[in-house]
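Some terms used for a structure rest on a number and a cut-off. The turns below ask where such terms come from.

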Amino acid sequence: MKKLLQLLCLCQFLAAIKIPITLGQLNKAKKGVELVAGTTHTINEEEEYYIGRAVAANILSQYPLWKNQTLCRYLNLIGKALVLKSERPEIFAGYHFAVLDSREANAFSAPGGIIFISRGIIDMAGNEDEIAAILAHEIRHVVNKDPLKAIKSQRMKTLGTFAAGEAIGSGSEVLNIFKDSVLDISGTLLQKGYSRGQEKDADLQAMDLLAAAGYNPAALLTILEKCRGIEKKKTKAFSAHPAAAKRVAYVEEALGKAPAIDMSVRNARFSKSVSR
Amino acid sequence: MKKKACLLAFLAMTALLLAGKVLVVQVLHAQLMAKPDFLSSNLATIQKGACLEIIEAKGSWFLVKNADGLKGYVHGSALAGRGISLSGIAPGKKGASEEELALAAKGFNEGNERKLRGSREYDFSAVDWVMAQAVANPDVGDFVREGKLK
């Protein structure tokens, strides 16, 4: 009986060797979205969702929501049109987009796909494609799992030891790590910002995403130029992002030939949905 | 008798793993589409944890068959390659899966969200409002077509 079980275990092992054929295909499909936080543990979809909800709740305790359902629906339609062309269209509870009632020009994304854009950006945008450009940049941060990378690696190592049973964390210890992880992310989104490399990647990938969805990638350049205009007046746009002038330079360099786009329907629905 | 039942279960699981073609839905609701395109007809919504038999890969999509024998396409981002953990069904072992234990230990879960609710630093009612503003894929399809998007 024991030998039989050993043989079965060997079969399981062989099966596990066979699985990577499928896993390889799966990983190809999910290229670039795997993340090992710190060195000890992988954050799964469900965990990302719950930490994302807490980060969003923390942001919403500081910035009020603009509960304009017409505008919110319009943003969600633009956002979903973009998301479906990304490498990560399916996330735990789907992507959600909302407007913060703030005249500051800003946008940020919580883990798990809750994306905020400020009323200041809506005021600044001249058309649907410019709003899509801002959302595409934030979607790319979610696809790249940049918000999760803001969690201090030491925290993830400690949680990893709890999860592996190497140490026992009390309920309050685990709750404190959860809260501190939320603050790591909120602090990065609202103040510290991502690295320049992460921002540049998000900008360049956003241009590809815009093109894939049928939006004009040059819209990212035009909205950034507007931000540069604001910054010349000594008012910082996108407080946790690099200076708009630097972003304009590399976006301009990466732009290809502008596609011919019929904007009539988009312009009409933009005017209908965005009241200033 | 009990040993025989365990052995049979073990054999069945081994056969399943040897096929090497089972993936698990890792999102709350995955869409089973008629074509490898979110704007094609939606055949069914598949719940988290469902096992899907992979028939073939097509780019970022998988042609799958669900437990009811329904075939369709699911995007790879909705699937996890964990397969089926044997730890929960191996003879003598019971209780939560390794994944459930890891999630509970890490605390990024609903239980700890409940502990934060009511605190001034977290406005979960506003988050719930945001989550309620979802749009359906058919509406996105209309939006894409009308706006001459792709």
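Q: What makes up the secondary structure of chain A?
A: In this predicted model, chain A has 12 helices and five strands.

Q: How many of the residues of chain A count as buried?
A: The share is 50% of the 276 residues. A residue is put in that class if 20 or more other C-beta atoms lie within 10 Å of its own.

Q: What is the pLDDT of chain A on average?
A: The average is 84, and 80% of the residues score at least 70. Over residues 9–40 of chain A, however, the pLDDT is below 50. In the model this stretch still has 57 contacts beyond near neighbours in sequence.

Q: Why is Phe162(A) called buried?
A: The class needs 20 or more C-beta neighbours within 10 Å. Phe162(A) has 22 C-beta neighbours inside 10 Å, so it counts as buried. Phe162(A) belongs to helix α7 of chain A, residues 153–163. Its C-alpha atom is separated by 22 Å from that of Arg53(A), and the two residues are 109 apart along the chain.

Q: Why is Lys145(A) called partly exposed?
A: Within 10 Å of Lys145(A) there are 18 other C-beta atoms. Buried would take 20 or more and exposed would take 12 or fewer, so a count of 18 falls in between. Lys145(A) sits in the loop between α5 and α6 (146–149) of chain A.

Q: What sets the phi of Lys145(A) apart?
A: Phi is near 60 degrees there, a positive value in a residue other than glycine. Most residues other than glycine have a negative phi.

Q: How do you know that β4 and β5 of chain A pair, and in which sense?
A: Pairing asks for at least two bridges between two strands. Four bridges join β4(A) to β5(A) (residues 114–118), so the two count as paired, and they run antiparallel. One of the bridges links Ser109(A) with Ile115(A) in β5(A).

Q: Why are β3 and β4 of chain A at the edges of their sheet?
A: The sheet is open, has three strands in the order β3-β5-β4 (chain A), and its pairing is mixed. β3 (96–100) and β4 (107–110) of chain A each have a single partner strand, so one side of each is left without a neighbour in the sheet. From one strand to the next, the twist averages 20 degrees.

Q: Which helices of chain A lie on these strands?
A: Helix α2 (residues 45–60) of chain A packs on the sheet and touches β4 and β5 of chain A. The direction of α2(A) makes about 145 degrees with that of β4(A). Helix α5 (residues 128–143) of chain A lies across β3, β4 and β5 of chain A, at about 30 degrees to β4(A).

Q: What makes up the secondary structure of chain B?
A: Chain B has five helices and seven strands. Along the sequence their pattern is α-β-β-β-β-β-β-β-α-α-α-α. Of the 150 residues in chain B, 31% are buried.

Q: What makes β6 of chain B a mostly covered strand?
A: Strand β6(B) takes in residues 71–75, and four of its five residues are buried.

Q: How do you know that β5 and β6 of chain B pair?
A: At least two bridges are needed. Strand β5 (residues 61–65) of chain B and β6(B) share five bridges, so they pair, in the antiparallel sense. In one of these, Lys65(B) has Lys71(B) as its partner in β6(B). The hairpin of these strands has five residues between them, and Gly69(B) takes a positive phi near 85 degrees.

Q: Which residues touch the most other members of the largest nonpolar core?
A: The core has 105 residues, and those touching the most other members include Ala81(A), Leu82(A), Leu210(A) and Val74(B). At least three of the residues in this core come from each of domain 1 (2–95) and domain 2 (107–150) of chain B. Beyond its neighbours within four places in sequence, Val74(B) has contacts that include Ala30(B), Trp61(B) and Phe62(B).

Q: Why is Lys148(B) partly exposed rather than buried?
A: Lys148(B) has 13 other C-beta atoms within 10 Å, and buried takes 20 or more while exposed takes 12 or fewer, so it is partly exposed. Lys148(B) is placed in the segment after α5 (137–146) of chain B.

Methods. Residues are numbered from 1 along each chain as its sequence is written. Chains are lettered from A and ligands numbered from 1 in the order in which they are written. This is a predicted model: local features need pLDDT of at least 70, side-chain atom pairs count only at pLDDT 80 or more; totals for chains, interfaces and linings use all residues. Axes are lines fitted to C-alpha atoms, for helices over the stretch in contact, and angles run from 0 to 180 degrees between N-to-C directions. Two residues are in contact if their C-beta atoms, placed from the backbone, lie within 7 Å. A nonpolar core is a set of buried Ala, Val, Leu, Ile, Met, Phe, Trp, Tyr and Cys residues joined through C-beta atoms within 7 Å. Domain bounds come from an automatic or database domain assignment. pLDDT is the predictor's confidence in each residue, from 0 to 100.
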